[in-house]
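Biologist: I am new to this structure and would be grateful for a close look at one part of it, with the rest of the chain brought in where it helps.

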Amino acid sequence: TATYPQHSDSPLLRMSCGATAGALSCFACYPLDLIRIRLTVGGGSESTAQRGKGRLGSKIFDTAATIIEKDGFAGLYHGLTASLLVAVPNYALSFTVYGQAKKYLLEEQKTSIFVNQKTNHLSPLGSLVSGSVSGLASSLFLFPLDVIRKRMQVAGLTSSPAGSTASQPVYRTGAKGLTDHARSIFAHDGIRGFY
């Protein structure tokens, strides 16, 4: 008879591992994420737009240089607090829910289509279900913080054209911190603005 692996990791251990992974990945990759958002919005600034007309690689370096010129090296981490508030709970929740879903499928659904009977591991469908449940759970609770994070990353870059009546996000609001941006979103779009 097939033996199934025991999954004794506690939810607290999974949560701790996920939170640590989220924090480390955020610190390591945040400047690249900020540059990606700035390039997506429109190059980050006039000087970047003027200098970065060549290859993508040069645009990336030009955008980084422009940020550093304007705000110093710390500018590459503008909005990091909001990102940590998204990444840490996101990974913690994802790891925990995925681990618990996997444990349930392996221990309670041993003969189902969710478990590969030869390897005693999740089948592709089992992995899909566990991943989908964990992704849905983390997105549902943390999407509003991600919206605030992106607003902070593009703060001061764009605004509605003068005289425009279109409902557009206004980033030049003078908002500095997390709570300022949250208030700005709520004032402009209400609760729906966070989703």
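Biologist: My request concerns the pair D180 and R183: in which helix do they lie, and how many residues apart are they?

Modeller: The model is a predicted one, and every value below is to be read in that light. D180 and R183 both lie in helix α6, and they are three residues apart, so about one helical turn separates them. An α-helix has 3.6 residues a turn, so residues three or four places apart point the same way. The two side chains meet in a salt bridge, with 3.3 Å from N to O. As for their surroundings, D180 has a relative accessibility of 32%, so it counts as partly exposed. R183, by contrast, has a relative accessible area of 57%; because this is over 50%, R183 is classed as exposed. Elsewhere, D33, R36, D146, R149 and K150 are joined into one network by salt bridges that share partners.

Two members of that network can be compared with the pair in α6. R36 and D33 form a salt bridge with an N to O distance of 2.5 Å. They are three residues apart in helix α1, so about one helical turn separates them. D33 is buried, at a relative accessible area of 18%, whereas R36, at 44% relative accessibility, is partly exposed.

Helix α6 is also involved in another bridge. The side chains of D189 and R151 meet with 3.9 Å from N to O. This pair links distant parts of the chain, since D189 belongs to helix α6 (residues 178-189) and R151 to helix α5, 38 residues apart. R151 has a relative accessible area of 12%, which is under 20%, so R151 is buried. D189 has a relative accessibility of 30% and counts as partly exposed. Over the whole structure, the search gives six salt bridges.

The bridge to R151 leads to helix α5, which covers residues 124-153. Its end C-alpha atoms are only 36 Å apart, although a straight helix of 30 residues would span 44 Å at 1.5 Å a residue. The helix has a kink of about 60° at L142, shortly before the proline P144. Ahead of this helix is S123, placed in the loop between β2 (121-122) and α5. S123 has a relative accessibility of 8%, so it counts as buried. Leaving aside residues up to four places away in sequence, S123 touches I113, F114, V115 and N116.

Helix α1 deserves a second look for its aromatic side chains. Rings are taken as paired if their centres lie within 6.5 Å. By this rule there are four aromatic pairs. One of them joins Y30 and Y77: the ring centres are 6.1 Å apart and the planes stand at 20°, which is under 30 degrees, so the pair is stacked. Y30 lies in helix α1 (residues 11-41), while Y77 lies in the loop between α3 (56-71) and α4 (80-108), so the pair ties together parts that are 47 residues apart in sequence. Y77 also pairs with F73; that pair is tilted, at 6.2 Å centre to centre and 55° between the planes. Ring pairs thereby link Y30, F73 and Y77 into a cluster. The three members of this cluster fall into three accessibility classes: Y30 is buried at a relative accessible area of 1%, Y77 is partly exposed at 26%, and F73 is exposed at 56%.

These details can now be set within the whole protein. It has six helices and two strands, and from the N terminus the elements run α-α-α-α-β-β-α-α. The protein has 195 residues, of which 35% count as buried. Among contacts with a separation of 6 or more, 65% are between residues 24 or more positions apart. The exposed area is about 11,600 Å², and carbon and sulfur atoms supply 63% of it.

To return to the request, D180 and R183 form a salt bridge across about one helical turn of α6, and D189 in the same helix is paired with R151 in α5.

Note on methods:
Residues are numbered from 1 along each chain as its sequence is written. This is a predicted model: local features need pLDDT of at least 70, side-chain atom pairs count only at pLDDT 80 or more; totals for chains, interfaces and linings use all residues. Side-chain values use heavy atoms; hydrogens and water are left out. Rings of Phe, Tyr and Trp (its six-membered ring) pair if their centres lie within 6.5 Å; planes under 30 degrees apart count as stacked, over 60 as edge-to-face and the rest as tilted. Helices (H or I, at least four residues) and strands (E, at least two) are DSSP runs, numbered from the N terminus. Buried means under 20% relative accessible area, exposed over 50%, partly exposed in between (1.4 Å probe, protein chains only). The expected span of a helix is 1.5 Å times one less than its number of residues. The bend at a residue is the angle between axes fitted to the seven residues ending there and the seven starting there. Contact means heavy atoms within 4.5 Å. A salt bridge is a side-chain nitrogen of Lys or Arg within 4 Å of a carboxyl oxygen of Asp or Glu. Accessible areas come from the Shrake-Rupley method with a 1.4 Å probe; for residues, only the protein chains shown count as cover.
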